[in-house]
Structure formats: C-alpha cells, structure tokens
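Student: Please explain the reasons behind the terms used to describe this structure.

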Amino acid sequence: VLPPKPIQMCHQLLAVPPAPTLVVSSTVLPLSEQLVQPLSDYIPTQAGWARCANVPYAHVAAALDALESTRSRLAKQRILTNCLRACLALCAPAADIEAVCYLLDPQKDPQTGGHRLCPQWSCQSAPLNIT
C-alpha cells in the first residue's frame, strides 16, 4: 500500500487528505442560519467562497444578521465562532481576518463617537462615524 500523497492547501502541507463530509439533507440553509448551527454540525470549508480569497462582506453581514436575531449569549458565541472558523479554514488573508474581527466587535471612538476598524494606535485608524 502506497502512503497518501501530500495535498497543498494555501500555505499548509497536509500529509493526509481531509475526511469526506456527509450531506445530511439536500436543503441549503441561508448563511445566517448556517452560522447558528452547533460547532459539530457546521462545516467551515463550505462557507461559500474560494480558498485563499478575500472574505466576502456577505459572510460578515450574515453573521451580523444572525447576531441581531438572537438574544442567547450561547448562540451569539456559536455564530462568532463559526464565522471566524470559516475565515481560518478557508485561509483568508490576515488583513481580512483583522477587519472581520473589528466589524463584528466595533469599538466606539471616544473622540468622535463613531466606530473604528483598527485599533487607536494604528496609523490607518479612522472613525467610521456609525452610531
């Protein structure tokens, strides 16, 4: 028996190919409902964009929509975790992951009252003026 061939995925080299995933049902859930699924049921590599590509804003908007539709802290934690798991599993650029983090947890700017996409010490830090 020959050993499995290595598979090149983004910047990683895996020795064993990933296990096949099972499709439980033929219905496709909206992205905001997919993010609410338990961690064991959500498949982050099927988030809907190409590997090593920029994170689409539709993914962030779906996470924000799902967060807005629930009051459960556990469900909110699950949504945020699944959103970031998809970004990491699909090898999103570091700048996109940073932007997703700031979009999902914006910090109020103490001087202007708007939101920031970067920390205050960053050179590119500018308020968005979203209130």
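**Cysteines, helices and confidence**

Student: Why is the sulfur of Cys87 not bonded to the closest cysteine sulfur?

Tutor: The closest cysteine sulfur, in Cys83, is 4.8 Å away, which is too far for a bond. A disulfide is a pair of cysteine sulfur atoms within 2.5 Å, and by this rule the count is zero disulfides. This is a predicted model, in which local features need pLDDT of at least 70 and side-chain atom pairs count only at pLDDT 80 or more, while totals for chains, interfaces and linings use all residues. Residues are numbered from 1 along each chain as its sequence is written, and side-chain values use heavy atoms, without hydrogens and water.

Student: What makes Cys87 buried or exposed?

Tutor: Buried means under 20% relative accessible area, exposed over 50%, and partly exposed in between (1.4 Å probe, protein chains only). Cys87 has 0% and is therefore buried; Cys91, at 18%, is buried as well.

Student: How are helices H2 and H3 oriented, and how do you know?

Tutor: H2 (residues 57–68) and H3 (residues 73–89) pack at about 170 degrees, with axes 9 Å apart. Angles under 35 degrees count as roughly parallel, over 145 as roughly antiparallel, 65 to 115 as roughly perpendicular and the rest as oblique, so H2 is roughly antiparallel to H3.

Student: Which parts of the chain have the lowest and highest mean confidence?

Tutor: pLDDT is the predictor's confidence in each residue, from 0 to 100. Among the elements, strand S2 (residues 12–14) has the lowest mean, 43, and H3 the highest, 94. The chain averages 75.

Terms used. Axes fitted to C-alpha atoms, helices over the stretch in contact; angles between N-to-C directions. Helix = DSSP H or I, 4+ residues; strand = E, 2+ residues; numbered from the N terminus.
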